[in-house]
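Reader: Please take me through this model, and give the reason behind each label you use.

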Amino acid sequence: MRKNIVAGNWKMNLDFEKGISLFSEIVNMVKDEVVGDQQVVVCSPAIHLSSIAKLSAAVRNVSVGGQNIHQAESGAFTGELSASQVKSTGAEYIILGHSERRAYFGETDALLAEKVDAALANGLIPVFCIGETKAERESGKFFDIIESQLTDGIFHLGADAFSTIVLAYEPVWAIGTGLTASPEQAQEVHAFIRKTIADKYDQHVAESTSILYGGSCNPGNAKELFSQTDIDGGLIGGASLKSRDFLDIVKVFNS
């Protein structure tokens, strides 16, 4: 049975002290308010990882993750972090393929395939992001785009390795714009992703894969989104920077 996961992506926000304070609030609220088995993941800037990983150890269903890795194990790559370095902080997850990395840093599916391999080799769980831009949505070719991202980014993996991955569907046109895909639009794409996985591997692998929605998810729309058959949680941006908002999203799975 696949996991329900709510992952927060802090992006490039919060200094060290503010990050520790926010994470402490989240941990305490999870202990007090979360009654289900949903997994809570906070993907923070690297400066926080070691400290918040220690705090997460007190709660069984809270984990931490990074936001990017370099594909190489080590070397002369000033300013980069390897998968083993991120893993050594106590992190369990790593976001890969986020639309901002693709758009601003030119990350291709071929490069991301290397990063996925590095993450898995070091025991990190990739949260692999896929999704279409506004132009791609309007052209009607968004299914082709998503299938290509899956094929070129992660379908080189065997079924066992693939089964460790979490997917996040990001309608890029709904990130930071205030727009949100309707529950029906989101479900349509999530169902397509699951069918594409089944066609590549098998139905068991498809049904075991957690697919998160990442596109301006907030406490007001989370319940309707998460009630869809193929949406297993969310990759949360802005709302993850407010402990109350983030926990209200997590608690959708309480009922």
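Author: What follows is a set of questions and answers on residue exposure, pockets and one helix pair in a predicted model.

Reader: Why is Met12 called exposed?

Author: The relative accessible area of Met12 is 82%. Exposed means over 50%, so Met12 with its 82% is exposed. Met12 sits in the loop between β1 (5-9) and α1. Its C-alpha atom is separated by 9.5 Å from that of Gln67, and the two residues are 55 apart along the chain.

Reader: Which residues are closest to the centre of the largest pocket?

Author: The largest pocket holds about 590 Å³ of space. Its lining has 22 residues, and Met12, Gln67, Asn68, Arg101 and Phe105 are the closest to the centre. Helices α2 (46-56) and α4 (99-105) each give at least two residues to this lining. The largest share comes from α4, with four residues.

Reader: How do the residues of that lining divide into nonpolar, polar and charged?

Author: For the largest pocket, 10 are nonpolar, eight polar and four charged. Met and Phe count as nonpolar, Arg as charged, and Gln and Asn as polar. Therefore, of the residues closest to the centre, Met12 and Phe105 are nonpolar, Arg101 is charged, and Gln67 and Asn68 are polar.

Reader: What lines the second largest pocket?

Author: The second largest pocket has a volume of about 260 Å³. It is lined by 19 residues, of which Lys11, Ser216, Ile236, Gly237 and Gly238 are the closest to its centre. This lining divides into seven nonpolar, 10 polar and two charged residues. Gly is counted among the polar residues, so Gly237 and Gly238 belong to the polar group.

Reader: What makes Lys11 partly exposed?

Author: Lys11 has a relative accessible area of 22%. Buried requires under 20% and exposed over 50%, so 22% puts Lys11 in between, as partly exposed. Lys11 is in the loop between β1 and α1. It has a positive phi of about 55° although it is not a glycine.

Reader: Why is Ser216 also given as partly exposed?

Author: The value for Ser216 is 25%. With the limits at 20% and 50%, Ser216 is therefore partly exposed. Its place is the loop between β7 (211-213) and α11 (222-226). Phi of Ser216 is near 60°, a positive value in a residue other than glycine.

Reader: How do you know that Ser56 is buried?

Author: Ser56 has a relative accessible area of 6%. Buried means under 20%, so Ser56 is buried. This residue is in helix α2. Leaving aside its neighbours within four places in sequence, Ser56 is in contact with Phe23, Val62 and Val64.

Reader: Why is Val166 called buried?

Author: Val166 has a relative accessible area of 5%. That lies under the 20% limit, so Val166 counts as buried. Val166 belongs to strand β6 (residues 166-169). Not counting residues up to four places away in sequence, it touches Ile5, Tyr93, Ile125, Pro126, Val127, Phe128, Ser210 and Leu212. The C-alpha atoms of Val166 and Val116 are separated by 11 Å, with their positions 50 residues apart along the chain.

Reader: What makes Val35 exposed?

Author: Relative accessibility is 62% for Val35. The cut-off for exposed is over 50%, so Val35 qualifies. It lies in the loop between α1 and β2 (39-43). Val35 and Asn254 are 219 residues apart along the chain, and their C-alpha atoms are separated by 5.8 Å.

Reader: How do helices α1 and α12 pack?

Author: Helix α1 (residues 16-33) and helix α12 (residues 243-250) pack at an angle of about 35°, with their axes 10 Å apart. Their crossing is right-handed. From α1, Leu22, Glu25, Ile26, Met29, Val30 and Glu33 take part, and they meet Ser243, Arg244, Phe246 and Leu247 in α12.

Reader: What makes three residues of the contact of α1 with α12 charged?

Author: The contact divides into six nonpolar, one polar and three charged residues. Glu and Arg count as charged, so the charged ones are Glu25, Glu33 and Arg244. Ser is not on the nonpolar or charged list, and Ser243 is therefore the polar one.

Notes
Residues are numbered from 1 along each chain as its sequence is written. This is a predicted model: local features need pLDDT of at least 70, side-chain atom pairs count only at pLDDT 80 or more; totals for chains, interfaces and linings use all residues. Side-chain values use heavy atoms; hydrogens and water are left out. On a 1 Å grid over the protein atoms alone, a cavity is a set of points where a 1.4 Å probe fits but cannot get out, and a pocket is an open set with protein on both sides within 12 Å along at least five of seven lines; lining residues have an atom within 4 Å of a point. Grid points are joined across faces, edges and corners, and a volume is the space filled by probe spheres set on the points. Buried means under 20% relative accessible area, exposed over 50%, partly exposed in between (1.4 Å probe, protein chains only). Contact means heavy atoms within 4.5 Å. Axes are lines fitted to C-alpha atoms, for helices over the stretch in contact, and angles run from 0 to 180 degrees between N-to-C directions. A crossing is left-handed if the near helix is turned anticlockwise from the far one by less than a right angle, and right-handed if clockwise.
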